[in-house]
Each structure stands twice: as structure tokens, then as C-alpha cells.
Amino acid sequence: MGGGAMWIIANFKANKNIKESIDWVEIVGPKLEKREDLKVVVCPSFSAIEQVKKTVLVGNFPLMVGSQDISKFPPGSFTGEEPAQFLKEFIDLSIIGHSERRQNFSETEEDIKQKTELAIKSEIIPLVCIQDKDGQIPSGCSLVAYEPVWAIGSGKPDTPASAGEVALVLREKYGENLEVLYGGSVNPENAEAFIQQDNISGVLIASASLNPEEFLEVIQACSH
Ligand code: PGA
């Protein structure tokens, strides 16, 4: 583990509607222990964020809420956008620059830089996703996820040793304050091996986060 708290982050992608997202929170939330050294985050779709946040508050669950993207624009005439200033009411963190956004929505390094800046201005933690050790990390960003494209949703994760090596290179380049997560086919069987790496501070999980029981198994595997 790379010092500090361990992050376990669920990225639902566009897989759960409002009801499904709330049902998940109502199963996972009560099972979470309040621990200073563990940060569990759920990132539902935009339409579910408000109700997920309400469910977390009502249940007083130790669960942070994140978005899967954020606008690169401030509030204004930007049809269809979700600015940081609006989202901050509900979220603690935003995933930025996921490879699916880079591929399907042509997101550029400049877009990612602007999104990161606006997130920080609104006191939202930017979680920037990069694909290899040469990925660019915008200034002010201190939480990144190393997610090799071929490992995402493929059932073929990178090896913990290789992920640890990438994390080491990134921390040598950007400083010890950088926290590096691994993402790509993380599941209850392999999660612990990733977080045992010296420079890895947690995991970003999509497929194995969708089933709440499986996600809880990941947390359990990482907690001993
Ligand atoms: P996966 O996706 O866990 O389904 O491999 C990870 C991600 O895309 O963040």
C-alpha cells in the first residue's frame, strides 16, 4: 500500500438505473465499517447521483459518492453539461479521463486538464485515469488510476508486480503525494495482491462492483 488510506472505488458505468443504484447502496452501505484508513466510493450514472447521495446520508453510511465524468465548462450556455459547481452538492470525487471517454467521446489531454482544474476549484477530488506509465497527470491532481485498456472488462488483469512498477514510476515522476490506484479486471480473488504492492493505494472496479455481494467480497479481501 502506498501510505495513507486505501481506496476502493465502484464505477457502475452506464449499467444501473436509479432504483438499481439505490438497492446496491442499501445492501453495501450497512455492511461498511467506519474506518479512517478505508475510503469506499460509489460512482453511479448522473441521473442516480442525487438519490444515491440521499440514501447514503439517511443511512449514515461511510460511503463517498463520485461521478463518472464532469464538465470541462463552468455553468453557462453548455447544453447537456454537468458543471462541477452543480455536482459538488452531491459528490466528493469525479472520475476524469476514463479510457472509454477518451475513445468514445474523443476526450483530449486538454479536456482532462480543464476538467481537473474545475473539479479542484469546487473541492471535488479528481481521479484521473491513465493507461500506462507515460500517462499525463494534470497539475493539482493527486489521485490517479492506472488502467491498461486491454485489462478493462477483459478478465485479464495486469499482474500486481507490473501495476506496482507503473505506480512506482509515476510516484518517482510526480512525487510521493501521488496516490495510484489499479483498475482493470479487479475481482475478489485478485484485489488483495494489487493493494499489497508498495505503491498502490487501492482499486477502481467496474464489472465486479455491479453485484453488491461481490463488491463486499473485494472490500473484505482488502481489509485483512
Ligand atoms: P473492469 O473495469 O473492472 O470491468 O475491468 C474497470 C474500469 O473500467 O474502471
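This passage describes the nonpolar cores, the ligand surroundings and several individual residues of a predicted model.

The interior is considered first. The largest nonpolar core holds 55 residues, of which Ile-8, Trp-24, Leu-63 and Phe-215 touch the most other members. Helix α8, spanning residues 212-222, supplies the largest share of this core, with 5 residues. A second core, separate from the largest one, consists of 13 residues, including Trp-7, Cys-43, Leu-127 and Leu-181. The surroundings of Leu-63 can be given in detail: when residues up to four places away in sequence are not counted, Leu-63 touches Trp-24, Val-25, Leu-32, Val-40, Val-41, Val-42 and Val-56.

Val-65 belongs to strand β3, which covers residues 64-67. With a relative accessible area of 0%, Val-65 is buried, because the limit for that class is under 20%. Apart from neighbours within four places in sequence, the contacts of Val-65 comprise Val-41, Val-42, Pro-44, Ile-49, Val-52, Lys-53, Val-56, Phe-90, Ile-91, Asp-92 and Leu-93. One of these residues, Pro-44, is separated from Val-65 by 21 residues in sequence and by 8.0 Å between C-alpha atoms.

The ligand is surrounded by 13 residues, and those that come nearest are His-98, Glu-147, Gly-153, Ser-185 and Ser-207. Classified by residue type, this shell contains 5 nonpolar, 6 polar and 2 charged residues. Oxygen atoms of the ligand are approached by both backbone and side-chain atoms of the protein. A polar side-chain atom of Ser-207 is placed 2.4 Å from a ligand oxygen atom. For Gly-153, a backbone N or O atom is found 2.7 Å from an oxygen atom of the ligand, and for Ala-206 a backbone N or O atom lies at 2.9 Å from a ligand oxygen atom. On its own, the ligand has 280 Å² of accessible area, and the protein covers 99% of this area.

Ser-209 is located in the loop between β8 (200-205) and α8. The relative accessible area of Ser-209 is 0%, and the residue is therefore classed as buried. Its contacts, with residues up to four places away in sequence not counted, are Ala-10, Asn-11, Phe-12, Trp-24 and Phe-215. Two of these, Trp-24 and Phe-215, are also among the residues that touch the most other members of the largest nonpolar core.

Backbone geometry was also examined. Most residues other than glycine have a negative phi. Lys-13 has a positive phi, near 50°, and is not a glycine. This residue occupies the loop between β1 (6-11) and α1 (18-28). Glu-123, likewise not a glycine, has a positive phi of about 60° and is situated in the loop between α5 (109-121) and β5 (125-130). The accessibility of each residue was computed as well: Lys-13 is buried, because its relative accessible area of 17% falls under the 20% limit, whereas Glu-123 is exposed, because its value of 74% is over 50%.

Phe-86 is part of helix α3, formed by residues 84-87. With a relative accessible area of 48%, Phe-86 is partly exposed. Between the C-alpha atoms of Phe-86 and Gln-220, which are 134 residues apart along the chain, the separation is 34 Å.

Key
Residues are numbered from 1 along each chain as its sequence is written. This is a predicted model: local features need pLDDT of at least 70, side-chain atom pairs count only at pLDDT 80 or more; totals for chains, interfaces and linings use all residues. Side-chain values use heavy atoms; hydrogens and water are left out. A nonpolar core is a set of buried Ala, Val, Leu, Ile, Met, Phe, Trp, Tyr and Cys residues joined through side-chain atoms within 4.5 Å. Buried means under 20% relative accessible area, exposed over 50%, partly exposed in between (1.4 Å probe, protein chains only). Helices (H or I, at least four residues) and strands (E, at least two) are DSSP runs, numbered from the N terminus. Contact means heavy atoms within 4.5 Å. A residue is near a molecule or strand if one of its heavy atoms lies within 4 Å of it. A polar contact is a pair of N or O atoms within 3.5 Å; within protein, one must be able to donate a hydrogen and the other to accept it, and residues adjacent in sequence count only if both atoms are side-chain atoms. Accessible areas come from the Shrake-Rupley method with a 1.4 Å probe; for residues, only the protein chains shown count as cover. Ala, Val, Leu, Ile, Met, Phe, Trp, Tyr, Cys and Pro count as nonpolar, Asp, Glu, Lys and Arg as charged, and the others, Gly among them, as polar.
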